[in-house]
Amino acid sequence: MLKGIDSLLTPELLQALRAMGHGDTIAIVDANFPAASIGPPVIRLAGASATQAANAILSLLPLDDFVPNAAWCMEVVGDAAADLPIMQEFRTAIGKHEGPTFELSKLERFKFYDEVKNAYVVVATNEERLYGNLLLKKGVIRVT
């Protein structure tokens, strides 16, 4: 345990977050996602939901404000306009840690898979709700 560090953040995940550079992405995926076969290294957060993982990660990870979009979820197949409760929970986590300027964008299912293939790491959760998948692009911390 560490002061001020969410206990969901394992040593492996903390190392990955620190090693990521500006512009690298991290994928947080649900229990149905093909995490092991998609390519990047996988860190498992057994027992954690995707929204718990997002809140823990966003407590340390700055989002990229140099680009138009820095957070994406997977759009619902056959209904791109659908806005599921888990998507609102992702928005709430982003707003809590980054403020109102960041929006949650959506990617078509196979485009989302393609983006995950380029992620620095995949965080596999036990999220049982469908579409519990999130991509986050790391930003910078400005030192004054």
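How far apart are the mean positions of the positive and negative charges of the chain? I looked this up first and found that the mean positions of the 13 positive and 17 negative charges are 5 Å apart, where Lys and Arg count as positive and Asp and Glu as negative, with His and the chain ends not counted, and where the place of a charge is NZ of Lys, CZ of Arg, CG of Asp or CD of Glu.

I note for the record that this is a predicted model, in which local features need pLDDT of at least 70 and side-chain atom pairs count only at pLDDT 80 or more, while totals for chains, interfaces and linings use all residues. Residues are numbered from 1 along each chain as its sequence is written, and side-chain values use heavy atoms, with hydrogens and water left out.

**Overall form**

I listed 5 helices and 6 strands in the chain, taken as DSSP runs numbered from the N terminus (helices H or I of at least four residues, strands E of at least two). Their order from the N terminus is α-β-α-β-α-β-α-β-α-β-β.

I then checked the radius of gyration over C-alpha atoms, which is 14 Å and so agrees with the value near 15 Å for a compact globule of 144 residues; the globule rule is 2.2 Å times the number of residues to the power 0.38. Along the principal axes, the C-alpha atoms fill a box of roughly 45 × 30 × 25 Å.

Of the 144 residues, 47% are buried, that is, under 20% relative accessible area with a 1.4 Å probe and protein chains only. Among contacts with a separation of 6 or more, 86% join residues 24 or more positions apart, a contact being heavy atoms within 4.5 Å.

**Strand E5**

I turned next to E5 (residues 121-125), where 5 of the 5 residues are buried. Val121, Val123 and Thr125 lie on one side and Val122 and Ala124 on the other, so that both faces are covered, and I recall that in a regular strand the side chains alternate between the two faces of the sheet.

E5 pairs in the parallel sense with E1 (residues 25-29) over 4 bridges, pairing being called when DSSP finds at least two bridges between two strands. Within this pair, Ile26 has Val121 as its bridge partner. E2 (residues 42-45) also pairs with E5 in the parallel sense over 4 bridges, and there Leu45 stands opposite Thr125.

**Helix H3**

I finally looked at H3 (residues 50-58), which is mostly covered, with 7 of its 9 residues buried, including Ala50, Ala53, Ile57 and Leu58. The cover over these buried residues includes H1 (11-19), H4 (85-98) and E6 (134-137), together with E1, E2 and E5.

Definitions and conventions. Buried < 20%, exposed > 50% of the residue type's maximum accessible area, 1.4 Å probe, protein only.
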